[in-house]
Amino acid sequence: MTRQGIIDCDVHPTPKSIEEIRSYMKQPWKDRYSGSGRGFYGNPVHGARLDAKPPGGGPIGSDPDFVRQQLIEEYGEAYAILLPRAFCNLHPDPDFATAIAAAYNDWLADTWLGKYNHDGVFKGSITIAHQDPAAAAKEIERWAGHPHFVQVMTDSGARAPFGQRQYYPIYEACEKHGLPMAIHPGTDGMGINVQPSPGYPTHYIEWHTCLSLGFQAHLVSFLTEGVFEKYPGFRVVLVEGGVSWLPALMWRLDAEYKALRYEVPWLKKKPSEYLRDHVRLSSQPLERPDNDQHLLSMLEMMDAEHILMFASDYPHWDFDSPKLAFPKLPDALKQNIFYENAKQFYRL
């Protein structure tokens, strides 16, 4: 039975402790694992909502009942798409990274998608370590039949743009099982990953503002490398990478394509024409100008009616409330952004 209400495409569950993840790991990885995190470029004020601390104690985002209270019940959400933050994509050892990803998947399946999920409101993401695409494809195969895993996820931090062919085993597995791949920020410029700006930012505000640069680079790579021609069933969702940059980027890329299509003969149409069939963006963080009409015009220019999906980024500091994130929207546009686009994309 399909649930009615808002579909939230970016919710972050947290383990109750490091031991919860380590319990799913074998040696030598179990002893090596000491928790996750970026290491630097941490929010210097507060990384999460101060009111999201579970009343019974434990890390923010670790109590499913409190998440239900603050998010599902408060806003009438039908589904919460869960994206755990394993940060495995920064590790130079691909075997260690793959072990972390696998442990997070086991944990999510047993808890948030299992014993915490009596009504099916929680849908999950298969964490992969893109450092080893062959191992990542095997991890996708391991979970593809699970009723509550609805996508694959990886960080935007990487050593190469995602359109390049070393990643193809991941996309082949995603296409085979009808699972979109979510790209989420987290380890840009950390560990093995290249910073998307010309150098390393000085402050968190600079790093966080420029996260959208990596998403732009990955999207242009997907389009110009012809990934969607090679894998016509493959789909991508760009989560927490910003929104307003899309129209101008596609105008520029389409203009370049008019003069340079000889270089990319595998493309059968303008780059922007692949978006509706293959790409979705989540709304958080939604750039909100002082003039609401400017935002409404931007939503029209980016074809938000078909490619934008609501996300709150609960429980992080820049949480977007479903009641406050957008100005008043036309009914059809609001229904698509808050429900229909995600329902169709995730085949809920």
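## Cysteines

C88 counts as buried, at 1% relative accessibility. In this predicted model, C88 is in no disulfide. The nearest cysteine sulfur belongs to C174 and is 14 Å away.

C9 is buried too, with a relative accessible area of 0%. The closest cysteine sulfur to that of C9 is again in C174. The distance is 16 Å, which is too far for a bond. The structure as a whole holds zero disulfides.

## Helix α8

Helix α8 covers residues 211-224. At 1.5 Å a residue, its 14 residues should span 20 Å. The C-alpha atoms at its ends lie 21 Å apart, so the expected and modelled spans agree.

Ten of the 14 residues are buried, so α8 is largely enclosed by the rest of the structure. The buried set runs L211, S212, G214, F215, Q216, H218, L219, S221, F222 and L223. Polar residues are among them, including S212, Q216 and H218. Just after the helix, G226 takes a positive phi of about 75°.

## Nonpolar cores

Which residues touch the most other members of the largest nonpolar core? They are Y171, F222, F234, M302 and F326, out of 93 residues in that core. Helix α4 (residues 94-115) gives the most to this core, with twelve residues. Apart from it lies another core, of 18 residues. Its members include L83, V237, Y339 and A342. In soluble globular proteins, nonpolar side chains tend to be buried together.

F222 links the α8 account to the largest core: this residue is buried in the helix and is one of the core residues with the most contacts to other members. Leaving out residues up to four places away in sequence, F222 touches F162, G163, Y171, M181, I183, V227, F228, F234 and V236. Two of these partners, Y171 and F234, are also listed with F222 among the residues that touch the most other core members.

## Strands β6, β7 and β8

Strand β7 (residues 279-282) pairs with two strands. With β6 (residues 236-238), the pairing is parallel and has three bridges. V237 has R280 of β7 as its bridge partner. V237 also belongs to the 18-residue core.

β7 and β8 (residues 308-309) run parallel as well, joined by two bridges. Here L281 stands opposite L308.

Where do the side chains of β7 point? V279 and L281 point one way, and R280 and S282 the other way. In a regular strand the side chains alternate between the two faces of the sheet. All four β7 residues are buried, R280 and S282 included.

Terms used. Residues are numbered from 1 along each chain as its sequence is written. This is a predicted model: local features need pLDDT of at least 70, side-chain atom pairs count only at pLDDT 80 or more; totals for chains, interfaces and linings use all residues. Side-chain values use heavy atoms; hydrogens and water are left out. The expected span of a helix is 1.5 Å times one less than its number of residues. Buried means under 20% relative accessible area, exposed over 50%, partly exposed in between (1.4 Å probe, protein chains only). A nonpolar core is a set of buried Ala, Val, Leu, Ile, Met, Phe, Trp, Tyr and Cys residues joined through side-chain atoms within 4.5 Å. Contact means heavy atoms within 4.5 Å. Two strands pair if DSSP finds at least two bridges between them. A disulfide is a pair of cysteine sulfur atoms within 2.5 Å.
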